[in-house]
Amino acid sequence: MEPGAARRILEEERARGLDLIARAASLEDLEAAKVSLLGRKARFSEVQRSLGSFADRDRRELGAAANEVRASLGAALDERRAELDRDAEVALLSADGVDITLPGRRPRPGSLHPLTIVEKQMVEVFTHMGYRVAEGPEIEDEWHNFEALNIPPDHPARTLKDSLYVDVPGMLLRTETSAVQIRTMESQPPPVYVVVPGRVYRREAVDASHLSVFHQLECLAVDEGLSLADLKGTLEAFAHEMFGPDVRARITPDYFPFVEPGAQMAVSCFVCGGVGCRVCGNGWLEQGGAGMVHPTVLENCGYDAERYTGFAFGLGIERVAMVRHGVNDMRLFVEGDVRFLEQFEGVA
């Protein structure tokens, strides 16, 4: 290679390199330009390899010129690399940016489930009367669920048609929270004043007023001198506190193995006002059973039935919620329809 040709190549490569570097649109393009300009097979590298064949003067001049071209191209590469890095960072920030001029999205307020709300309200009514809250297991043995409550082995509730048994002999999903009353009396001497909220399970045909899995709130009071009048007064006070002074409460005779005498509590229908409709049938909405604790139940728990008396009742939380909020189908509470549940936002 002649010295003149080497000078021409250096100038051409400088001009070509500066243009190629300026047009690089990405770091990958810039790296390809570097290889093309300064790589082993580049024309610039051929000039450098041929310097040894030139005379001393030409070698010094062309060596200085080659160093100048390399420095010029290196500076251009560094500058363009910095520009591409800045552009990439700006693009990333732009993609992740938030337009603060847009209106914010207000989060929807959460709420407790309506049954939880009503359960809390019911519990508060009784705790204000001086009762305490008791809880127990949802999988019960037959003693606490049946036998201690004076329900004999031949009672229909103990068949597979009415109760849900598990794969452990003698164990079942509790059919009522009365089992916790037994556990409470077994654990302490009288007097006893407790309320027991919880979930219970039965083989029920599901309809507008029945569910197979539902919630109860049991009340138990055991002390000296308690009578049916105390039971009636407690139920009426509860009804007026939960449903208002205009709602009528009715107590009618009924039979339950664990109480004597037994009664059924109902309140006037919120839909028809007590006339009778498809929701209530006869103008009244059943709320639960009640009565004076059977002496056998007291004795099963080690209490002196001659000295102590007591009353107990169980209220369906779903039924109370239906009356309190004007709901005409119990299934709405468990179907998970947001349009129904969002009506209770902010209610506590």
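Colleague: Between which two elements is the loop that holds Asn150?
Modeller: This is a predicted model, where local features need pLDDT of at least 70 and side-chain atom pairs count only at pLDDT 80 or more, while totals for chains, interfaces and linings use all residues. Numbering runs from 1 along each chain as its sequence is written, and side-chain values use heavy atoms, with hydrogens and water left out. Helices (H or I, at least four residues) and strands (E, at least two) are DSSP runs, numbered from the N terminus. On that basis, the loop with Asn150 lies between α6 (142-145) and β3 (171-173).

Colleague: And what is the phi of Asn150 near?
Modeller: Asn150 is partly exposed, with a relative accessible area of 25%; buried means under 20%, exposed over 50%, and partly exposed is in between (1.4 Å probe, protein chains only). Asn150 isn't a glycine, yet its phi is positive, near 65°.

Colleague: Which peptide bond into Pro191 or Pro261 is cis with omega near 0°?
Modeller: Pro191 is in the loop between α7 and β4, and the bond from Pro190 to Pro191 is cis with omega near 5°. Pro261 belongs to strand β7. The cis bond with omega near 0° is Glu260 to Pro261.

Colleague: How many disulfides does the structure hold?
Modeller: A disulfide would take a pair of cysteine sulfur atoms within 2.5 Å. The closest cysteine sulfur to that of Cys219 is in Cys301, 16 Å off, so they are too far apart for a bond. Both are buried, Cys219 with a relative accessible area of 0% and Cys301 with 11%. The disulfide count is 0.

Colleague: Which element gives the most residues to the largest nonpolar core?
Modeller: A nonpolar core is a set of buried Ala, Val, Leu, Ile, Met, Phe, Trp, Tyr and Cys residues joined through side-chain atoms within 4.5 Å. The largest has 43 residues, with Met122, Phe126, Phe238 and Phe313 making the most contacts inside it. Elements giving two or more residues to this core include β4 (192-201), β5 (213-223) and α8 (228-243). The top contributor, with 7 residues, is α5.

Colleague: How far does α5 reach from its first C-alpha to its last?
Modeller: The expected span of a helix is 1.5 Å times one less than its number of residues. Helix α5 (residues 114-128) has 15 residues, and its reach is close to the expected value. Among its buried residues are Leu115, Ile117, Met122 and Phe126. The C-alpha span of α5 is 21 Å.

Colleague: Which residues of α5 does Phe238 touch?
Modeller: Contact means heavy atoms within 4.5 Å, and residues up to four places away in sequence are not counted. Phe238 touches Met129, Met265, Leu315 and Val320. From α5 (residues 114-128), Phe238 touches Met122, Val125 and Phe126.

Colleague: How far from Arg319 is the nearest side chain of opposite charge?
Modeller: Arg319 is in helix α10 (residues 317-325) and touches residues including Ser209, His210 and Glu286. Lys and Arg count as positive and Asp and Glu as negative, with His and the chain ends not counted. A salt bridge is a side-chain nitrogen of Lys or Arg within 4 Å of a carboxyl oxygen of Asp or Glu. Arg319 is buried yet has none, the nearest opposite charge being Glu286 at 4.8 Å.
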